[in-house]
Amino acid sequence: MPAQISAQQAIDEKIITAYLKSNNITAQVIDSANVSTGIYYVIDTLGSGIDLYTSSTLITVGYKASLLTTGKEFVSTDQFHPTYILGATIKGWQFGIPKVKKGGTITLYLPSHYAYGPFAQPTLGLPANAILIFNIKVYNITN
């Protein structure tokens with residue numbers, strides 16, 4: 001992992017853990033091969049079913065997305081529920097969404113590396129290295 005990404009991850013980790021602590025949020029962290037990703041999550045509702053997720057799984061979701069540092073909401077799908085191929089979503093979703101089943105809801109706290117990284121997203125109003133919060137409900141899982 002390049003030093004720049006590693007340094008940014010350390011910064012993001014401090015910001016996320018401080019946010020969780022100051023808001024009294026108890027979250028789990030996602031490990032990948034026993035290494036912390038820095039992605040924190042809270043399962044609000046587990047959901048049900050025995051669906052397995054793969055990179056080609058179609059997920060139909062509703063979600064709200066906001067910038068952790070300002071609380072500014074930049075996307076809300078209250079009126080529609082888009083379907084995505086899991087493997088084509090941002091990495092944070094690929095790690096987080098499989099933690100719940102159909103009907104489940106999860107809140108993800110994504111370090112910038114697992115969202116858009118050092119790339120600003122002007123159309124969404126996001127700066128480079130944006131740390132994001134996603135509140136996601138999984139409506140359907142199709143393999």
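**Group meeting talk: a walk through one predicted chain**

Hi everyone, let's begin on the outside: the chain exposes about 7,800 Å² of surface, and 55% of that comes from carbon and sulfur atoms. Please keep in mind that what you see here is a predicted model.

Let's stay with the whole chain for a moment. Along its principal axes, the C-alpha trace spans about 40 × 35 × 30 Å. How does the radius of gyration fit with a compact globule? For 143 residues, such a globule would have a value near 15 Å, and the chain has 15 Å, so the two agree. Of those 143 residues, 39% are buried. There are also charges to think about, 9 positive and 7 negative, and the mean positions of the two groups lie 1 Å apart.

Now for the secondary structure. You can find 2 helices and 7 strands. If you read along the sequence, the order is α-β-β-β-β-β-α-β-β. In other words, five strands sit between the two helices in that pattern, and two strands come after the second helix.

How do parts that lie far apart in sequence meet? Take the contacts with a separation of 6 or more: 66% of them are between residues 24 or more positions apart.

That brings us to the inside. The largest nonpolar core contains 28 residues. Within this core, the residues with the most contacts are Y63, W93, I97, L108, L132, F134 and I136. Several strands contribute to the core: β2 (35-45), β3 (58-67), β4 (73-76), β6 (105-110) and β7 (132-142) each supply at least two of its residues.

Let's pick one of those well-connected residues, Y63. Which residues does Y63 touch, once we leave out those up to four places away in sequence? The list is V75, S76, T77, P82, Y84, W93, F134, N135 and I136. You may recognise W93, F134 and I136 from the core list a minute ago.

One residue on the Y63 list is worth a stop, and that is T77. T77 is found in the loop between β4 and β5 (83-85). Is T77 buried or exposed? With a relative accessible area of 2%, under the 20% cut-off, T77 is buried. Setting aside neighbours within four places in sequence, T77 is in contact with V61, G62, Y63 and P82.

There is also another core, lying apart from the largest one. This one has 8 residues, among them I16, L20, Y109 and I131. Y109 is a nice example to follow on the screen. Y109 lies in strand β6, and at 5% relative accessibility it counts as buried. I16 and Y109 are 93 residues apart along the chain, yet their C-alpha atoms are separated by 7.1 Å. Beyond the residues up to four places away in sequence, Y109 touches I16, Y19, L20, I25, G38, I39, Y40, Y41, V42, L68, L132 and I133.

Let's compare that with a residue in a helix. A10 is found in helix α1 (residues 3-22). At 39% relative accessibility, A10 counts as partly exposed, because that value falls between the 20% and 50% cut-offs. From A10 to N23 is 13 residues along the chain, and their C-alpha atoms are 20 Å apart.

Now put that beside A33 and V100. They are 67 residues apart along the chain, and their C-alpha atoms are also separated by 20 Å. A33 has its place in the loop between β1 and β2, and with 75% relative accessibility it counts as exposed.

Finally, two asparagines in loops. What is notable about the phi of N24? Phi of N24 is near 55°, a positive value in a residue other than glycine. N24 sits in the loop between α1 and β1 (28-32), and it is exposed, with a relative accessible area of 73%. N34 also has a positive phi, near 65°, and again this is a residue other than glycine. You will find N34 in the loop between β1 and β2, and at a relative accessible area of 76%, N34 is exposed.

To wrap up, here are two things to look for when you turn the model yourselves. One is the largest nonpolar core, with its 28 residues. The other is the separate core of 8 residues, which includes Y109. Thanks for listening!

How values were computed:
Residues are numbered from 1 along each chain as its sequence is written. This is a predicted model: local features need pLDDT of at least 70, side-chain atom pairs count only at pLDDT 80 or more; totals for chains, interfaces and linings use all residues. Side-chain values use heavy atoms; hydrogens and water are left out. Helices (H or I, at least four residues) and strands (E, at least two) are DSSP runs, numbered from the N terminus. The radius of gyration is taken over C-alpha atoms; the globule rule is 2.2 Å times the number of residues to the power 0.38. Buried means under 20% relative accessible area, exposed over 50%, partly exposed in between (1.4 Å probe, protein chains only). Contact means heavy atoms within 4.5 Å. Accessible areas come from the Shrake-Rupley method with a 1.4 Å probe; for residues, only the protein chains shown count as cover. Lys and Arg count as positive and Asp and Glu as negative; His and the chain ends are not counted. The place of a charge is taken as NZ of Lys, CZ of Arg, CG of Asp or CD of Glu. A nonpolar core is a set of buried Ala, Val, Leu, Ile, Met, Phe, Trp, Tyr and Cys residues joined through side-chain atoms within 4.5 Å.
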